[in-house]
Number of protein chains: 2
Amino acid sequence: MPQIIIADDHPMVRGALALAVESAFDQPEILECAHLAGVMQLLESIGVADLLLLDLRMPGVDGFEGLVRIRSQFPATPVVVISALEDPRLVREALALGAMGFIPKSTPRAEIVAALVLVAAGGTYRPDDLALAEPAPDPKGRAADDDFLQRVLTLTPQQRRVLQLLGTGKLNKEIAYDLDIAETTVKAHVSSILHKLRVYSRTQAVVMAGRLHLDSFADVAEG
Amino acid sequence: MPQIIIADDHPMVRGALALAVESAFDQPEILECAHLAGVMQLLESIGVADLLLLDLRMPGVDGFEGLVRIRSQFPATPVVVISALEDPRLVREALALGAMGFIPKSTPRAEIVAALVLVAAGGTYRPDDLALAEPAPDPKGRAADDDFLQRVLTLTPQQRRVLQLLGTGKLNKEIAYDLDIAETTVKAHVSSILHKLRVYSRTQAVVMAGRLHLDSFADVAEG
DNA sequence: GTGCCAATTGTACTTTGGTACAAGGGTAAT
DNA sequence: ATTACCCTTGTACCAAAGTACAATTGGCAC
């Protein structure tokens, strides 16, 4: 009897996902959470879940921070990110941070079911694989940002988690606590991150990394 | 013979603005620049211009940094911000940072002319004054951010400039250089900013302030 | 096995960042 | 003119950030 956690702050969404889960698994035990704290608590008590459906936006968590912390504390539990958006960059980043799948809320129920089965079987799922395979060159303008993206991709998984937490303005001490490592280690990671990204302060790294997420809307934001 | 500087990296835009300037002034001397460095150079040589039309997005400057530096170095020259966007928050921030006007590129030529005359006469111009007078409550959700915006509004002009430069990831030393003040002074401002914004590190201030600009697109970015 | 690399941690050190306190000059309002 | 506020700067001190070097562990590949 597989244990599946559904974490989303919207009851309606949880209901819809629950339906899909019931179609995808045989007599699943469905655990619902409306906030990140509940998820952490649940995972602490049951140790490992067979699958975690995680919404990106929940009370207490705005972006990838929840994913980062869960992946760090409970790496054995496969996480599928649920999101209202399906921006390729978000998808790539979620997968880079250790998610086993990325399911936009607009996905047809049948495809959601298939995706859940796929992930449960050890695979990874992302929307319309083809479009993502080629990152869509987009020759105009933002060459500099693409360079930066390339550099971000040279970061190790743990370093990306650190960068993610950096982006929330946390101190080294707080990051160490969240990832359950020594502050020294955080410093080592930060130092390495700064070198790889070719910047000379955490603030710059945050600003640069922040732009990557913004770029999705750059066409709207010109000017 | 009034000296008017038009700073925009797009030749077509410069042309259109030049037409408007010629309609608004009597035999203006129009100086064109495609990048911020040229503007600074020009201002250094002529001292004060009668009007500066400044595009927000130019090579070397992405946001308000150019405005901030120009206002700091050459406060006597009135600046009108030209932008492809007309988000009320951008408008408010530009004016808060010392711009005498904010003209969206979509503005009809006749209105641009009127706006330029208005500013040259010592007034300030913003698009559809009415809509901006009331900041559009927007009761849903983002109460926390509104709180933060309120706090940003308690910052003094100079402190806003510092915050703006903080947002580019600069070191205190660099900010001191840009604003031509001592590093000690920058520290004093930063310290005050952190208190007013109720955060405990520059990085957090940058993250928070960054969200204000993002919020314009929050409806697209849910998830 | 050997080698490579991610991850971890420690020590020790330098540089930024940030606070606290004090103080002088400028401007605007009462 | 007195108050108030902003901007400025200095000194001094403490905390956080970042670097450099060295070492251990574990996984993975050849």
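Chain A has twelve helices and five strands, and I should say right away that this is a predicted model. Of the 223 residues in chain A, 51% are buried. If you look at the contacts in chain A with a separation of 6 or more, 64% of them come from residues 24 or more positions apart.

Let's stay with the strands of chain A for a moment. The five strands form an open sheet, in the order 2-1-3-4-5, and the pairing is parallel. Which strands stand at the edges? They are strand 2 (29–33) and strand 5 (101–104) of chain A; each has a single partner strand, so one side of each is left without a neighbour in the sheet. On average, neighbouring strands of this sheet are turned by 20° against each other, direction ignored. As a quick reminder, strands of a sheet pair through backbone hydrogen bonds, and they can do that either parallel or antiparallel.

Zooming in on one pair, strand 4 of chain A, residues 79–83, meets strand 5 of chain A over four bridges, in the parallel sense. If you want a residue to click on, try Val81(A): its bridge partner in strand 5 of chain A is Phe102(A).

Now over to chain B. Here, too, five strands make an open sheet with parallel pairing, in the order 2-1-3-4-5. Strand 2 (29–33) and strand 5 (101–104) of chain B are the edge strands, and each pairs on one side only. The twist from one strand to the next averages 20°. Strand 4 of chain B, residues 79–83, runs parallel to strand 5 of chain B, and four bridges join the two. The residue to click on this time is Ile82(B), whose bridge partner in strand 5 of chain B is Ile103(B).

Next, the DNA. How many residues surround DNA strand C? There are 19, and the closest are Thr156(A), Ala182(A), Thr185(A), Ser191(B) and Arg202(B). By class, the surface near DNA strand C is made of nine polar, seven nonpolar and three charged residues.

And which part of the DNA does the protein meet? Taking the atoms of DNA strand C within 4 Å of the protein, 76% belong to sugar or phosphate, and the rest belong to bases. Two side chains of chain A illustrate the phosphate part. The side chain of Thr185(A) has an N or O atom 2.8 Å from a phosphate oxygen of DNA strand C. The side chain of His189(A) also places an N or O atom 2.8 Å from a phosphate oxygen of DNA strand C. For the bases, have a look at Lys187(B), where a polar side-chain atom lies 2.9 Å from a base oxygen of DNA strand C.

Which elements give two or more residues to that surface? From chain A we have helix 8 (157–166) and helix 10 (183–197), and from chain B helix 9 (172–179) and helix 10 (183–197). Helix 10 of chain B gives the most, with five residues.

One last stop, a residue I'd like you to find on the screen: Gln159(B), in helix 8 of chain B, residues 157–166. Is Gln159(B) buried or exposed? Its relative accessible area is 6%, under the 20% cut-off, so Gln159(B) counts as buried. Leaving aside residues up to four places away in sequence, Gln159(B) touches His189(B), Ser192(B), Ile193(B) and Lys196(B). With Lys196(B), there is a polar contact of 3.0 Å between the two side chains.

Methods: Residues are numbered from 1 along each chain as its sequence is written. Chains are lettered from A and ligands numbered from 1 in the order in which they are written. This is a predicted model: local features need pLDDT of at least 70, side-chain atom pairs count only at pLDDT 80 or more; totals for chains, interfaces and linings use all residues. Side-chain values use heavy atoms; hydrogens and water are left out. A residue is near a molecule or strand if one of its heavy atoms lies within 4 Å of it. A polar contact is a pair of N or O atoms within 3.5 Å; within protein, one must be able to donate a hydrogen and the other to accept it, and residues adjacent in sequence count only if both atoms are side-chain atoms. Ala, Val, Leu, Ile, Met, Phe, Trp, Tyr, Cys and Pro count as nonpolar, Asp, Glu, Lys and Arg as charged, and the others, Gly among them, as polar. Two strands pair if DSSP finds at least two bridges between them. Axes are lines fitted to C-alpha atoms, for helices over the stretch in contact, and angles run from 0 to 180 degrees between N-to-C directions. Buried means under 20% relative accessible area, exposed over 50%, partly exposed in between (1.4 Å probe, protein chains only). Contact means heavy atoms within 4.5 Å.
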